[in-house]
Amino acid sequence: MKKIVIIDDEASICSSLTFALEDDYHVEAMTDPEEGKKKIDSILPDLVLLDLKIGAVDGLKVLEEIKGMHPSIVVIMITAYGTISSSVEALQKGAYSYLTKPINMDELQTVIKQALHFKYLHEQVEQLSNELEKKYRYEELIGQSDGMQQVFKLIDKVRNVDSNVLITGESGTGKELVARAIHYSGKRKQQHLETVNCAAIPEHLLESELFGYEKGAFTGAVSSKDGKFQLANGGTIFLDEIGDMPLALQAKLLRVLQRREVTKLGSNSTQSLDVRVIAATNKDLEEAVREGEFREDLYFRLHVIPIHLPPLRERKEDLQLLISHLIKSFNKEMNTEVSGISKEAYQILSSYSYPGNIRELANILESSMVFASGSTIEVEDLPLHLRSAKPQVKSGDGDLSVFVGLTLKELERQFILETLEYNDGHRKKTAEMLQISERSLRDKLKQYASTTT
């Protein structure tokens with residue numbers, strides 16, 4: 001039963017309000033404000049009905065003391081005719097609402113229900129916000145390696161500032177998790193986080209998705225719609241795969257970032273923006289600038305605070321932590337009871353290069369847990385391409401005499417073609433593994449093709 005405390009210097013008011021509410025609530029009524037404050041401290045009520053004038057005591061001061069000590073308690077002021085201006089001041093100091101004397105009991109019941117519902121919604125928002133902060137701050141970002149510790153330090157430094165952040169790293173390294181960690185652990189966590197994948201939306205739709213449009217702006221625009229920037233106002237917008245944004249749209253994005261205002265398609269009016277911008281890419285934007293594929297001014301506008309996520313092959317010391325975390329997560333999702341991985345299976349996983357990074361590791365473990373017949377993932381449960389993969393040659397191991405006599409150019413050619421074959425002709429994975437851009441890989445393959453014809 002919800003608890004209500006009434007503080008009013010008129011005993012008759014206390015009695016009538018208690019009689020009206022005691023069937024639905026646990027009610028305590030006091031005519032002395034000091035006793036009322038002590039009762040509030042002891043039982044922590046959900047709601048307080050507080051008179052604006054309690055004898056010689058100013059109810060506004062009592063309100064300030066209550067909200068100062070217990071901000072979550074909802075306070076409804078009770079006021080006599082002719083003191084409405086003071087009621088407005090009460091609302092400014094944290095009161096939920098006010099009722100005028102003589103009190104209409106039906107109105108009282110309605111306002112109390114609304115106030116308690118407001119309190120419930122506020123608590124839900126606070127709980128969800130705390131859960132999101134816990135989930136996204138570090139829980140999904142696993143790592144004890146130096147590279148990941150540096151990422152954690154940067155998140156802590158930037159989460160409460162508004163500077164633009166550019167997150168770089170290969171596909172599957174967790175760039176979106178970093179963006180969510182920054183938003184949900186920072187000062188904007190109770191506002192919207194809007195995500196736009198610039199590579200997944202067709203070019204002709206991306207502009208309207210970002211900036212919105214007015215009714216009739218183009219064929220099919222039967223009503224106006226806010227874009228992601230408008231929806232993120234006050235919060236954060238995450239521009240994923242920013243390196244794939246068309247050049248023409250890059251110029252419009254730059255203008256929005258410079259002016260801090262946005263104009264819908266088909267409109268002449270602008271809307272001011274208060275948006276924190278986080279962008280991410282798996283491309284080398286500096287090379288894209290040199291190639292004329294990305295605007296240099298936009299690059300410098302976004303590249304205020306860079307955060308680089310290392311690929312999984314460069315942080316193998318985190319592999320065991322990631323495996324344990326992912327197995328635990330998949331056990332909950334799939335209702336399985338896999339306790340771990342055999343030594344032999346782990347050796348295979350630890351020698352793999354993971355071109356798809358953590359996303360690929362998660363797929364491997366999910367598949368292996370489906371096929372596991374016992375509580376441990378064995379070698380035979382791993383995907384076929386891992387079981388049949390050739391062992392990697394480490395620096396200083398094996399016979400390298402076979403390469404003696406080759407030029408560096410020919411050695412590069414053989415290595416690129418071998419890596420491409422290893423990835424079954426998948427150019428994007430090959431470029432990521434070689435740490436070169438897809439354009440560079442494409443140019444080299446064209447060059448190799450022309451020299452053999």
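**View 1. A side-chain contact between S171 and N282.** In this predicted model, the side chains of S171 and N282 make a polar contact at 2.8 Å. S171 belongs to the loop that links β8 (165-168) to α7 (175-184). Its relative accessible area is 13%. The cut-off for a buried residue is under 20%, so S171, at 13%, counts as buried.

**View 2. The surroundings of S171.** Leaving aside residues up to four places away in sequence, S171 touches N282, P355, G356, N357, R359, K428 and E432. N282 is also the side-chain polar partner of S171. K428 and E432 from this list fall in helix α18, which spans residues 427-434.

**View 3. Helix α18 and the residue after it.** The buried residues of α18 are T430, A431, E432 and L434. E432 is also one of the residues that S171 touches. Just past the end of α18 comes Q435, with a positive phi of about 60°.

**View 4. Strand β10, covered on both faces.** Strand β10 takes in residues 236-240, and 5 of its 5 residues are buried. In a regular strand, side chains alternate between the two faces of the sheet. On one side of β10 lie T236, F238 and D240. On the other lie I237 and L239. Each of the two faces is covered.

**View 5. The strand neighbours of β10.** Strand β9 (residues 193-197) runs parallel to β10, joined to it by 5 bridges. Within this pairing, V196 has L239 of β10 as its bridge partner. Strand β13 (residues 276-281) also pairs with β10 in the parallel sense, here over 4 bridges. T236 is bridged to R276 of β13. The partners L239 and T236 belong to opposite sides of β10: T236 is on one, L239 on the other.

**View 6. The cavity beside T236 and R276.** A search of the whole structure turns up 1 cavity of 30 Å³ or more. The volume of the largest cavity is about 40 Å³. Its lining consists of R159, I182, H183, G186, K187, R188, T236 and R276. By class, the lining holds 1 nonpolar, 3 polar and 4 charged residues. Two of the lining residues, T236 and R276, are bridge partners across β10 and β13. T236 is buried as well, on the side of β10 that also holds F238 and D240. I182 and H183 are part of the lining too, and their numbers fall within α7 (175-184), the helix that follows the loop of S171.

Definitions and conventions. Residues numbered from 1 in each chain as written. Predicted model: local features only at pLDDT ≥ 70, side-chain atom pairs only at ≥ 80, totals over all residues. Heavy atoms only, no water. Buried < 20%, exposed > 50% of the residue type's maximum accessible area, 1.4 Å probe, protein only. Polar contact = N/O pair within 3.5 Å; in protein donor to acceptor, adjacent residues only side chain to side chain. Contact = heavy atoms within 4.5 Å. 1 Å grid on protein atoms, 1.4 Å probe; cavity = no way out; pocket = protein on both sides within 12 Å on 5 of 7 lines; lining within 4 Å. Points joined across faces, edges and corners; volume = space filled by probe spheres on them. Nonpolar A, V, L, I, M, F, W, Y, C, P; charged D, E, K, R; others polar. Pairing = 2+ DSSP bridges.
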